[in-house]
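Visitor: Please take a close look at one part of this model, the surroundings of the bound ligand, and then follow the contacts outward into the rest of the chain. I would like the criterion behind each term as you go.

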Amino acid sequence: MTPILPGQTIGMVGGGQLGRMSTFKAKQMGYTVVTLDPAPHSPCGQVADAQLIAGYTDHLSLIELSQRCDVVTYEFENVPSESVELIVSHGKPVFPAASVLNVTQNRVREKTFVRQLGLNVADFLGVQDRDDLEQAIDQIGFPAILKTAGGGYDGKGQFVIGSADEAVRAFEASGGVELIWERQVPFDLELSVICARNQQDEVVAYPPTENIHVNNILDISIAPARVSPEVQAEAQHIACEVAAGLGLVGVCGIEMFLLPDETLLINEIAPRPHNSGHHTIESCICSQFEQHIRAVCGLPLGSTELISPAVMVNILGSGTGSRLAGVPELLRTPNVHFHLYGKREAKADRKMGHITALSVDVETALEVALAARQQLRWE
Ligand code: AMP
C-alpha cells in the first residue's frame with residue numbers, strides 16, 4: 001500500500017469520543033478528516049474538517065465519504081460490514097478490514113477464532129435454541145453468563161445464571177436472538193492490552209492496564225497493571241498473536257481475565273482504540289490514537305513505551321444535569337489531564353470525559369485521579 005500522507009484525507013465512520021481523539025492526532029499530523037455520524041455536532045464532528053450527517057448504512061453518504069477520502073476507518077465495532085464493503089467497492093481502502101469485523105461482531109465467532117489460535121477463553125457454547133441451552137447446562141453448568149452473541153457492549157444483554165430455571169427465564173426473555181453461554185470465571189483481575197498492526201506486518205503492544213468496572217462500565221484503568229513482569233509480557237504476547245491472526249490493520253483493545261493461577265483468558269476484542277488506552281495520550285511516547293492513524297495510513301508504528309505510571313478515571317453522566325461544576329477546583333491538582341468529549345446531554349452512565357493522572361507510582365496516581373474526580377458534579 002502506498003502510504004496515506006499528511007495533506008490527504010481520512011474518513012472516520014462514527015462520531016464519538018474515540019473518533020474525536022483520533023482526529024485530534026490526525027489533525028496534529030496534518031491530515032484532513034471527514035466523519036460520518038447521524039448526530040449533528042458529534043464529538044468527532046466538532047473537531048473534524050467536515051461531518052456527513054447520515055446513518056451508518058446510508059449508501060449515498062458512504063459513497064460520498066469514499067469519494068472525499070483516501071482511506072477510511074471507524075471508531076466503533078458495530079459498523080455494518082456491508083457499509084465497509086460498499087466503501088471498498090468504491091475504490092477506497094477501509095481499515096480494519098470487514099473480515100475483522102466479521103470475527104469481532106459475534107462472540108461465538110470471536111471465541112472460536114481465539115481458540116483456533118491456541119489461546120485461552122472461558123468455556124463457551126453458542127445457544128440458538130432450547131436444545132443448545134440444555135447442552136450448555138449439561139456441559140458447562142453454573143455459574144454461567146448468558147450474553148447476546150452480537151451487538152452488546154458495556155455488559156448490556158447479559159444475564160448471570162445460577163440455575164436451570166434462571167437459564168430458561170433468561171433464554172425466553174432474550175427474544176430468540178443468538179446467545180453465548182459462558183462459564184463465569186473466578187478472575188483476580190481484568191486486564192486489557194492495546195495493540196496495533198500495520199500492513200507491513202509490524203505489531204506492537206502497550207503494557208497491560210488493570211481495569212475496574214462499575215455496573216459493567218469501565219471506571220478506572222491503571223497502567224501498568226499490578227501484575228508480575230511475566231504476566232505483563234504474556235498479555236502483550238497474546239495481544240500480538242491476536243492482531244497478527246486477525247490480519248488487523250489499526251489498533252485494537254483486547255480484554256482479558258487473569259485467573260488465580262495466572263492463566264490469561266481472552267474475553268473480548270474491540271478492533272478500535274479502547275477506553276482503557278486513553279491514558280496513552282499523556283503516558284506514552286505514541287498514544288493509541290496516533291498509533292491508529294499511523295497504522296491505517298500505512299506508516300511506521302510508534303513506540304508503546306510507558307513514560308510514566310498513569311491512572312485514568314472516566315467521567316460519566318449522572319442524569320442530574322448537563323453542566324459540569326468543579327472544573328476549576330479539579331484543575332488546581334497538579335499532574336492531572338482533563339478531557340471532555342463535547343457531548344451536550346449528560347445522560348446517566350454516558351461517557352462524558354475522563355481524567356488521567358500521572359505520578360511516580362500507580363498508587364499515588366490512583367489517589368490523585370480519584371480526588372480530582374471528587375471535585376466534579378453534574379448540575
Ligand atoms: P463483556 O461485555 O463481555 O465485556 O462483559 C462485561 C463484564 O462482565 C466483564 O468486564 C466482566 O466483569 C464480566 N464478565 C463477562 N464475562 C465473564 C465471564 N465469562 N466470567 C466472569 N465474568 C465475566
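**From a salt bridge to the ligand shell**

Guide: The side chains of arginine 183 and aspartate 123 form a salt bridge with an N to O distance of 2.9 Å, where the term stands for a side-chain nitrogen of Lys or Arg within 4 Å of a carboxyl oxygen of Asp or Glu. This pair joins distant parts of the chain, since arginine 183 belongs to strand β8 whereas aspartate 123 sits in the loop between α5 (107-116) and β5 (124-127), 60 residues apart. Helices (H or I, at least four residues) and strands (E, at least two) are DSSP runs numbered from the N terminus. The model is a predicted one, in which local features need pLDDT of at least 70 and side-chain atom pairs count only at pLDDT 80 or more, while totals for chains, interfaces and linings use all residues. Residues are numbered from 1 along each chain as its sequence is written, and side-chain values use heavy atoms, with hydrogens and water left out.

Both partners of this bridge are partly exposed, arginine 183 with a relative accessible area of 30% and aspartate 123 with 31%; buried means under 20%, exposed over 50%, and partly exposed in between, with a 1.4 Å probe and protein chains only.

Arginine 183 also leads directly to the ligand, because a polar contact is a pair of N or O atoms within 3.5 Å, and a backbone N or O atom of arginine 183 lies 2.9 Å from a nitrogen atom of the ligand. On the side-chain side, a polar atom of lysine 147 is 2.8 Å from an oxygen atom of the ligand, and a polar side-chain atom of glutamate 255 is 3.5 Å from a ligand oxygen. Of the 480 Å² of accessible area that the ligand has on its own, the protein covers 92%, with areas taken from the Shrake-Rupley method with a 1.4 Å probe.

The shell as a whole holds 17 residues, of which the closest to the ligand are Lys147, Gln158, Arg183, Val185 and Glu190; a residue is counted if one of its heavy atoms lies within 4 Å. By type, the shell divides into four nonpolar, six polar and seven charged residues, where Asp, Glu, Lys and Arg count as charged, Ala, Val, Leu, Ile, Met, Phe, Trp, Tyr, Cys and Pro as nonpolar, and the others, Gly among them, as polar. Strands β6 (144-148), β8 (179-183), β13 (250-258) and β14 (264-270) each supply at least two residues of the shell. In terms of domains, whose bounds come from an automatic or database assignment, the shell draws at least three residues from each of domain 2 (123-183) and domain 3 (189-378). The assignment also gives a domain 1 (9-94), and the centres of domain 1 and domain 2, taken over C-alpha atoms, are 35 Å apart.

Lysine 147, already met at the ligand, has a further role in the charge pattern, as Lys111, Lys147 and Glu182 are linked in a network of salt bridges. The count of salt bridges comes to 16. Among them is the pair of arginine 130 and glutamate 172, whose side chains meet at 3.2 Å, N to O. Arginine 130 lies in helix α6 (residues 130-139) and glutamate 172 in helix α7 (residues 164-173), so this bridge ties together parts that are 42 residues apart in sequence. Arginine 130 is partly exposed at 37% relative accessible area, while glutamate 172 is exposed at 52%.

A more local case is the pair of glutamate 64 and arginine 68, with a bridge of 2.9 Å, N to O; both lie in helix α2 (residues 59-68), four residues apart, or about one turn of the helix.

Finally, the backbone leading into β6 deserves a look. Most residues other than glycine have a negative phi, and most peptide bonds are trans. Phenylalanine 142 and proline 143, however, are joined by a cis peptide bond with omega of about -10 degrees, and proline 143 is found in the loop between α6 and β6. Phenylalanine 95 and proline 96 are likewise joined by a cis peptide bond, again with omega of about -10 degrees, proline 96 being in the loop between α3 (81-89) and α4 (98-104).

Key: A polar contact is a pair of N or O atoms within 3.5 Å; within protein, one must be able to donate a hydrogen and the other to accept it, and residues adjacent in sequence count only if both atoms are side-chain atoms.
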